[in-house]
Structures are given as C-alpha cells and as structure tokens.
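Good morning, and thank you for coming. I should like to take you through one structure, beginning with its charged pairs and then turning to its cysteines, its core and its sheet.

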Amino acid sequence: MLPERTILTIDFGNTAMKAAVFEGERLVQSVVGTGSTHEAVDALQTFHSVEGICYCCVGADRENLLEHLRHTGLPMVALGPETPLPIEVCYGSRATLGADRLAAAVGVAGEEEAVLVVDAGTAVTCDLVADRRFLGGNISPGLKLRFHSLHEFTSRLPLVSPDGELPVFGHDTQTAIRAGVMNGLVWELAGAFETARSEYKNIKMVITGGDAAILAPLLAEHGIEAVADSETVGRGLVRIFNYNNDL
C-alpha cells in the first residue's frame, strides 16, 4: 500500500461540491463552492501533482465534472454500487445507498469502538459503523430544510435563523421555532446515540457536514462529546481509492 499518494477527492452533495487534496490521509487543501467546478479542480490537480482521483456524487453534476475528470488520464474511482469497499455493507441495496454515506462510513471504520457517524448537511444522515461493517442508519431533514419548510408550508410562520437565543422552550414565535428545530434535531441525534450505546457500550459519535459546528456544542450540552471531523467523507474516499488501486 502507498499511504502517501496525493489523491484528489470530489464530494458532490445536494447543495455544494467539495474538492480536497490529501497526502496520505492528511488534508492539504480543499475548496467548497456551488459555482464553476472545472477551473478549481484543474488548479488543485496541477498545483499538487495529483496521482489519483476518487469521486462521489449524490447531488447534480451539472457541469459534467465526472467526464472532465476522466480525460485527465489519472487513475480514478467513481464510487458506485459495484465499487469494492474495505468494509462490509449490511443494507438492503447499495443501489439506493448514498455514496457520501458509504464514504463517511469508510472514513470512520477501523476504530476500536463503534461509531455513530452523523453527516449534517441539507439532509442529516446518522449511520452506525461497527466491526468494519456498515449497519444502516437514518435520514432526516437538515436544519435549513426544517426552518424553510416551516416557513414555506405554513401561511404565517416566519423564516428563522439558527443564530440567536435558544431556550429549551420558546417564549415567542422566533424562539419557539428555533428551539423546536434545533433542539428537536439535537434530541433526535442524542436519542439515536443512546439507543446505539445500549448495544455498543464502547461507541462514539463523529459529526461532519456543514452544520457540524452548530450541532457539536449543543450535543455536548446533552453529555455527548461528538467529535467534529470535516474530513470524514474525504478520508473515506482516499481509503476507497487506495483499496481499489492496491488489489
């Protein structure tokens, strides 16, 4: 195995694309955006002398970046249902399992303890990984979806920001919405963690995604020290690339 290869990872989410360069499993540089992708990715490849690419997509590759990457001539893995993985997947069908969930699971696999890995983005996924096995999980709306749905599907509720006072019980409409949305998601994740801990005593929570920085301290207030790790998916993609290129 060649752990220090320079690998470019591409993670297309529902809202944005993240491109990152890793040397081994150490992040060197990353770019996140919703605009033009070709130029940014080409610059990363050239500047860092990339040796391989691993790509996953759950959103819309509107600029056809995958085909653009294929023309680089570099070894590439496009993560899909048939891609060999270094973990066992215990799920009904990999065809319906998000590539980002798989990459995150690989990114935390190998720990001595079980891991509940939470990816808090447009949607929130909460997946259990133990003994190098993906054991399944849950999908629910993310913070922005919850705030926007209350505003868009009611006639009078305002669009509320996550920034501001956060009581346990709201004392006006703004705080009631903020408390309901944010505390509700925190209680949901805390409940999932406690349920998993009833079976796996030695377990930890790892949280990644755009809202990880908001949720991690709120979980800590509930006695759950969630490890915030923004590179969980990228690290998993590096491991998947290496696994498929060292067979």
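Let me begin with aspartate 229, which counts as buried because its relative accessibility is 18%, under the cut-off of 20%. Please bear in mind throughout that this is a predicted model. The partner of aspartate 229 is arginine 235, and their side chains form a salt bridge with an N to O distance of 2.5 Å. Arginine 235 is likewise classed as buried, at 14% relative accessibility.

This pair belongs to a broader set: across the whole structure, the search returns nine salt bridges. Another of interest joins aspartate 127 to arginine 101, with N and O 2.6 Å apart. Aspartate 127 belongs to strand β8, residues 123–130, while arginine 101 belongs to helix α3, residues 99–108, so this salt bridge ties together parts that are 26 residues apart in sequence. Both of these residues are buried.

Arginine 26 and glutamate 23 also form a salt bridge, their closest N and O atoms lying 2.6 Å apart. Here the setting is one of partial exposure: arginine 26 has a relative accessibility of 49%, and glutamate 23 one of 29%.

I turn now to the cysteines. How many disulfides does a search of the whole structure find? The number is zero. Consider cysteine 54, whose closest cysteine sulfur is that of cysteine 56, at 7.3 Å; that is too far for a bond, because a disulfide requires the two sulfur atoms to be within 2.5 Å. Cysteine 54 is buried, with a relative accessible area of 0%. Cysteine 57 is in no disulfide either, the nearest cysteine sulfur, again in cysteine 56, being 7.5 Å away. Cysteine 57 is partly exposed, at 26% relative accessibility.

Next, the interior. In soluble globular proteins, nonpolar side chains tend to be buried together. In this model, the largest nonpolar core comprises 32 residues, and those with the most contacts inside it include Leu116, Leu189, Ile203 and Met205. Which elements give two or more residues to this core? They are β7 (114–120), β8, α4 (143–152), α5 (173–197), β10 (203–208) and α6 (212–221). Of these, α5 supplies the largest share, ten residues.

Methionine 205 deserves a closer look. Setting aside neighbours within four places in sequence, its contacts include Leu116, Val118, Leu189, Phe193 and Leu219. Methionine 205 also touches Ile224, Glu225, Ala226 and Val227. There is, in addition, a second, separate core of 28 residues, with Cys56, Val106, Val115 and Val238 among its members.

Finally, the sheet. Six strands make up an open sheet of mixed pairing, in the order β6-β9-β8-β7-β10-β11. Which strands stand at the edges? They are β6 (88–89) and β11 (227–228); each has a single partner strand, so one side of each is left without a neighbour in the sheet. Further in, β8 runs antiparallel to β9, residues 133–141, and seven bridges join the two. Within this pairing, alanine 123 stands opposite proline 141 of β9.

To close, I would draw your attention back to β8. This strand holds aspartate 127, the partner of arginine 101 in helix α3, and β8 also gives residues to the largest core and is joined by seven bridges to β9. I should be glad to take your questions.

Key: Residues numbered from 1 in each chain as written. Predicted model: local features only at pLDDT ≥ 70, side-chain atom pairs only at ≥ 80, totals over all residues. Heavy atoms only, no water. Salt bridge = Lys/Arg side-chain N within 4 Å of Asp/Glu carboxyl O. Buried < 20%, exposed > 50% of the residue type's maximum accessible area, 1.4 Å probe, protein only. Helix = DSSP H or I, 4+ residues; strand = E, 2+ residues; numbered from the N terminus. Core = buried A, V, L, I, M, F, W, Y, C linked by side-chain atoms within 4.5 Å. Contact = heavy atoms within 4.5 Å. Pairing = 2+ DSSP bridges.
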